[in-house]
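Here are some notes to read alongside the structure. Take the points one at a time, and keep the 3D view open as you go.

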Amino acid sequence: FPSHDNKVFISTFPFGERNDFPLEMLTNNEVKFICNPLKRKLTEDEMCSLAKESSVIIAGTEPITEKVFQNAPHLRHISRVGVGLDSVDLQAAQVRGISISYTPEAPAPAVAELTIGLIINLLRNIHLANDSMHAGKWNRFFGRRVAEITLGIIGVGRIGARVLRRTAAFGTPRILANDLLPNLDLNREFKLEWVSKKEIFRQADVITLHVPLTPRTRSLVGDVEISLMKSDALLINTSRGGVVDEQALFEALKSQKIAGAAVDVFEEEPYRGPLADLPNCLLTSHMGSMSLDCRSRMEIEATEEAIRFLKGQPLLSPVPQEEYDLQSEFKREP
């Protein structure tokens with residue numbers, strides 16, 4: 001590349017696979033770019049090697065750490081395809097004057113709809129019936145309707161609120177909600193019960209998690225929380241790997257302490273752990289945002305931010321200061 005000032009590394013994968021308009025945007029704006037050549041999630045060392053000449057990274061969930069920054073001296077901006085920031089060392093970026101933007105609204109509809117699909121799937125044992133039929137067996141499974149359960153939503157933000165609205169269409173009679181800052185405006189639309197997490201674990205038939213991964217939410221669901229749950233309770237995690245203690249969940253499902261779970265996100269991805277051996281655990285491959293429209297919108301918005309940065313224009317979706325403060329708060333704790 002003729003200049004470090006115009007070199008973009010697209011670390012996330014896939015990118016431009018089903019809609020190549022983001023790549024066209026870069027080309028039309030005379031931005032030089034390279035795409036992730038390994039076509040999978042990159043490790044920290046791979047990021048150090050592949051991003052070392054770049055001034056901008058269009059990133060997914062790859063680790064962007066102090067070590068990466070040390071090996072990428074020209075880096076000035078990170079444009080995150082998505083909303084989670086747990087993989088980026090925000091303080092290290094801020095010290096170096098590296099700006100960060102994200103696409104917080106774009107993935108929300110797709111993640112919410114996958115969550116609804118997983119809830120219905122678990123309630124009606126669709127995955128078990130499918131496996132049975134493929135094995136040549138005719139088993140008719142009893143299940144439960146959405147309208148007959150108590151639903152617990154932990155995290156009622158962009159995604160959690162959409163899950164709430166979509167679930168309400170089924171006529172759910174009781175919804176327990178929990179959030180750091182409850183959105184009481186939702187009470188005008190729905191009859192919500194704002195309760196502690198402990199009460200959600202105790203009372204809910206289905207618990208769905210929609211929180212970012214922070215030191216406060218790491219292992220939010222572990223042995224203690226699972227011990228509070230009903231024996232026929234179901235757990236859904238489409239938020240972030242690390243929010244649920246995977247070993248604790250494995251033990252609970254294996255011993256049938258709880259009835260089932262659906263997991264879309266994992267501490268290490270691709271996931272190859274013991275949950276895959278359990279029929280009462282429905283697994284998907286971090287595909288919450290992977291609807292054609294939402295993925296395209298995420299990529300287009302992230303690309304637009306990268307181009308705006310290179311042109312010296314104001315960013316439309318900079319990461320707010322409170323995200324930096326939150327990460328910094330926990331780093332300072334002993």
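1. Let's start with Ile 175, which belongs to strand 7 (residues 174–178). Is Ile 175 buried or exposed? Its relative accessibility is 5%, and because buried means under 20%, Ile 175 counts as buried. Please keep in mind that this is a predicted model.

2. Now look at what surrounds Ile 175. Neighbours within four places in sequence aside, Ile 175 is in contact with Leu 151, Ile 153, Leu 164, Lys 191, Leu 192 and Glu 193. Try finding Met 133 as well: 42 residues separate Ile 175 from Met 133 in sequence, and their C-alpha atoms are 34 Å apart in space.

3. Stepping back, the chain has 12 helices and 12 strands. Its C-alpha trace spans about 65 × 45 × 40 Å along the principal axes. For 334 residues, a compact globule would have a radius of gyration near 20 Å, and the chain's 21 Å agrees with that.

4. How much of the chain is buried? Buried residues account for 49% of the 334. The accessible surface comes to about 16300 Å², and carbon and sulfur atoms hold 51% of that area. As for contacts between residues at least 6 apart in sequence, 64% of them join residues at least 24 apart.

5. A word on charge: there are 39 positive and 44 negative side chains in the chain. The centres of these two sets lie 3 Å apart.

6. Next comes the interior. In soluble globular proteins, nonpolar side chains tend to be buried together. The largest nonpolar core here has 30 residues, and Ile 207, Leu 235 and Leu 249 touch the most other members. Two or more residues each come from helix 8 (197–203), strand 9 (206–209), helix 10 (246–254) and strand 11 (260–263). Helix 10 gives the most, with five residues.

7. Ile 207 deserves a closer look. Beyond its neighbours within four places in sequence, Ile 207 is in contact with Gly 152, Ile 154, Ile 200, Phe 201, Met 229, Leu 234, Leu 235 and Ile 236. Apart from the largest core lies another core, of 28 residues, including Ile 119, Val 156, Ala 177 and Val 206.

8. Cys 48 is a good one to find in helix 2 (residues 44–50). With 9% relative accessibility, Cys 48 counts as buried. Leaving out neighbours within four places in sequence, Cys 48 is in contact with Lys 67, Val 68 and Asn 71. Glu 66 is 18 residues from Cys 48 in sequence, with 10.0 Å between their C-alpha atoms.

9. Finally, some backbone details. Most residues other than glycine have a negative phi, and most peptide bonds are trans. Which bond joins Phe 13 and Pro 14? A cis peptide bond, with omega about 0°; Pro 14 sits in the loop between strand 1 (7–10) and helix 1 (21–28). The peptide bond from Glu 269 to Pro 270 is cis too, with omega near 0°, and Pro 270 is in the loop between strand 11 and strand 12 (281–283).

10. Two residues to check for phi are Glu 30 and Lys 39. Glu 30 is not a glycine, yet it has a positive phi of about 55°. Glu 30 lies in the loop between helix 1 and strand 2 (32–35) and counts as exposed at 64% relative accessibility. Lys 39, also not a glycine, has a positive phi of about 55°. Its place is in the loop between strand 2 and helix 2, and Lys 39 is exposed, with a relative accessible area of 56%.

Conventions:
Residues numbered from 1 in each chain as written. Predicted model: local features only at pLDDT ≥ 70, side-chain atom pairs only at ≥ 80, totals over all residues. Heavy atoms only, no water. Helix = DSSP H or I, 4+ residues; strand = E, 2+ residues; numbered from the N terminus. Rg over C-alpha atoms; globule rule 2.2 N^0.38 Å. Buried < 20%, exposed > 50% of the residue type's maximum accessible area, 1.4 Å probe, protein only. Contact = heavy atoms within 4.5 Å. Areas by Shrake-Rupley, 256 points an atom, 1.4 Å probe, with all protein chains shown as cover. Lys, Arg positive; Asp, Glu negative; His and termini not counted. Charge placed at Lys NZ, Arg CZ, Asp CG, Glu CD. Core = buried A, V, L, I, M, F, W, Y, C linked by side-chain atoms within 4.5 Å.
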